[in-house]
Amino acid sequence: MKILVTGGAGFIGSAVVRLAVRRGHRVVNLDALTYAGNPANVAPVSDSDLYCFERVDIRDREAVERVLQTHRPDAVMHLAAESHVDRSIDGPGEFIQTNIIGSFNMLEAARAHWQREGRPEDFRFHHISTDEVFGSLGESGRFHEETAYDPRSPYSASKAGSDHLVRAWHATYGLPVVLSNCSNNYGPYHFPEKLVPVAILRALAGEPIPVYGDGNHIRDWLYVEDHADALLLVLEKGRIGRSYNIGGGNEVRNIDLVRMICAHMDDLHPEGAPHERLIEFVSDRPGHDRRYAIDPGRIGDELGWRPSVGIEEGLRRTVEWYLANRDWWRPLLSRDGVGRRLGMGG
Ligand SMILES: NC(=O)c1ccc[n+]([C@@H]2O[C@H](COP(=O)([O-])OP(=O)(O)OC[C@H]3O[C@@H](n4cnc5c(N)ncnc54)[C@H](O)[C@@H]3O)[C@@H](O)[C@H]2O)c1
């Protein structure tokens with residue numbers, strides 16, 4: 001299959017690109033290379049005959065159309081997005097432009113392509129979204145596919161907007177779409193502004209590890225390579241028009257996650273142990289959702305998907321990867337905003 005992956009130079013997109021090429025798919029990676037995009041993320045496959053790269057901004061409708069016309073993909077996996085909640089608090093405009101207008105451009109270009117090709121039934125537009133569209137949970141309950149949308153940050157609102165557009169393009173134009181909403185990912189190639197890599201790299205540097213608020217916010221963590229595997233399964237086997245919630249079944253409080261990372265650091269990099277002493281509680285993010293938890297019943301029952309790695313093993317692999325790949329993350333520390341506290345609100 002020839003798959004057009006948008007955002008394929010980012011964290012999750014690059015995991016999809018690497019896995020798809022390894023499985024023998026042809027991949028066109030469309031990415032604008034924003035601060036979060038990094039060609040090094042796809043270095044393991046970039047020499048493959050199956051891989052090609054298009055540096056294109058999804059806000060540029062004509063450029064997106066040209067890519068679809070040139071490459072004539074069998075499927076689109078749409079991951080390109082502004083993805084960091086803290087940045088969305090400081091600058092929501094970029095999130096509206098890329099996540100909503102950019103997704104609209106992708107849908108229109110995909111629709112035109114699909115119509116030109118004679119509306120093939122096996123064409124797919126797979127929109128990759130987040131569990132954050134469902135809002136914040138109390139102490140019990142989990143998000144399922146019919147949970148009402150209740151986004152509470154500019155990031156999650158912009159992703160919710162794009163989810164609605166995708167459903168509307170299916171209902172109105174018959175575009176064969178599938179959607180997936182996933183919980184928090186972690187793993188190799190994670191940009192060093194998100195909690196897991198920040199904790200690892202601060203521990204390594206012997207610097208304070210910031211934990212927002214009381215640290216009791218709960219997230220449901222999924223190893224990124226398991227997510228990539230689930231995404232290819234949804235693309236190939238998911239029912240048209242349907243959405244699938246993807247989660248790792250690993251609900252962990254942020255403070256416990258950071259403590260687990262510190263324990264792995266103590267073991268793998270004993271210098272400076274115990275790293276837990278570096279934990280520092282800092283003021284909370286405005287509107288910080290308390291708890292996310294995914295019910296992955298549908299993707300499990302219908303498509304037979306299960307994550308392969310639990311949180312302990314996944315975190316250990318991740319810490320090992322950051323310790324072994326300093327040349328990957330060192331240059332990223334000087335990118336705009338990295339290492340600075342963002343998203344304090346106005
Ligand atoms: N990270 C998570 O935990 C998580 C969880 C669930 C869903 N998601 C969703 O998965 C997708 C990928 O997330 P990620 O964590 O890999 O994000 P990321 O920020 O690491 O990567 C985003 C990629 O998109 C590219 N991009 C951004 N704006 C663009 C534009 N205007 N045109 C073309 N390319 C552009 C960037 O260059 C980058 O390569 C997003 O849609 C996100 O909403 C993420």
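The exercises below, each with a worked solution, concern a predicted model.

**Exercise 1.** Determine which residues of helix α6 are buried, and what covers them.

Solution. Helix α6 runs over residues 195–205. Nine of its eleven residues are buried, and the helix is therefore described as mostly covered. The buried residues are Leu195, Val196, Pro197, Val198, Ala199, Ile200, Leu201, Arg202 and Ala203. Their cover includes the strands β7 (185–186) and β8 (209–212). It also includes the helices α8 (254–268), α10 (311–324) and α11 (326–329). Just after α6, Gly206 has a positive phi of about 70°.

**Exercise 2.** Test whether the end-to-end distance of α8 agrees with its number of residues, then find its buried residues and their packing partners.

Solution. Start with the length: α8 has 15 residues, and at 1.5 Å a residue the helix should span 21 Å. Its end C-alpha atoms are 21 Å apart, so expectation and model agree. Next, list the buried residues of α8: Leu257, Val258, Arg259, Ile261, Cys262, His264 and Met265. An α-helix has 3.6 residues a turn, so residues three or four places apart point the same way. Finally, the buried residues of α8 pack against α6, β8, β12 (251–253), β13 and α10.

**Exercise 3.** Locate Arg72 and Tyr189, two non-glycine residues with positive phi, and decide for each whether it is buried or partly exposed.

Solution. Arg72 has a phi near 45° and lies in the loop between α2 (61–71) and β4 (75–78). Arg72 has 13 other C-beta atoms within 10 Å, so it is partly exposed. Tyr189 has a phi of about 70° and sits in the loop between β7 and α6. Because Tyr189 has 25 C-beta neighbours inside 10 Å, and 20 or more are required, it counts as buried.

**Exercise 4.** Find where the cis peptide bond from Ala273 to Pro274 falls.

Solution. The bond from Ala273 to Pro274 has omega near 0° and is cis. Pro274 belongs to the loop between α8 and β13 (279–282).

**Exercise 5.** Describe the shell of residues around the ligand.

Solution. The ligand is surrounded by 29 residues, of which Gly7, Gly10, Ala32, Gly37 and Ala81 are the closest. By class, the shell holds 13 nonpolar, eleven polar and five charged residues. By element, α1 (11–22), α4 (92–116) and β5 (124–130) each supply at least two residues. The most come from α1, which gives three. A UniProt record (unreviewed entry) places "domain: NAD(P)-binding" at residues 4–318. That span is 41% helix and 17% strand, and its end C-alpha atoms lie 27 Å apart.

**Exercise 6.** Identify the residues that touch the most other members of the largest nonpolar core, and trace the contacts of Ala110.

Solution. The core has 83 residues, and those touching the most other members are Val16, Met77, Ala110, Ala199, Ile200 and Ile261. Of these, Ala199 and Ile200 are among the buried residues of α6, and Ile261 is among those of α8. Leaving aside neighbours within four places in sequence, Ala110 is in contact with Leu68, Val76, Phe125 and Leu175.

**Exercise 7.** Establish the surroundings of Asn181.

Solution. Asn181 lies in strand β6 (residues 177–182). Asn181 is buried because 25 other C-beta atoms lie within 10 Å. Beyond four places in sequence, its contacts are Ser129, Thr130, Asp131, Val133, Ser243 and Asn245. Leu107 is 74 residues from Asn181 in sequence and 18 Å away in space, C-alpha to C-alpha.

Conventions: Residues are numbered from 1 along each chain as its sequence is written. This is a predicted model: local features need pLDDT of at least 70, side-chain atom pairs count only at pLDDT 80 or more; totals for chains, interfaces and linings use all residues. A residue is buried if 20 or more other C-beta atoms lie within 10 Å of its own, exposed if 12 or fewer, and partly exposed in between; C-beta atoms are placed from the backbone. Helices (H or I, at least four residues) and strands (E, at least two) are DSSP runs, numbered from the N terminus. Two residues are in contact if their C-beta atoms, placed from the backbone, lie within 7 Å. The expected span of a helix is 1.5 Å times one less than its number of residues. UniProt positions are given in the numbering used here, feature names are shortened, and annotations may be inferred rather than shown by experiment. A residue is near a molecule or strand if its C-beta atom, placed from the backbone, lies within 6 Å of it. Ala, Val, Leu, Ile, Met, Phe, Trp, Tyr, Cys and Pro count as nonpolar, Asp, Glu, Lys and Arg as charged, and the others, Gly among them, as polar. A nonpolar core is a set of buried Ala, Val, Leu, Ile, Met, Phe, Trp, Tyr and Cys residues joined through C-beta atoms within 7 Å.
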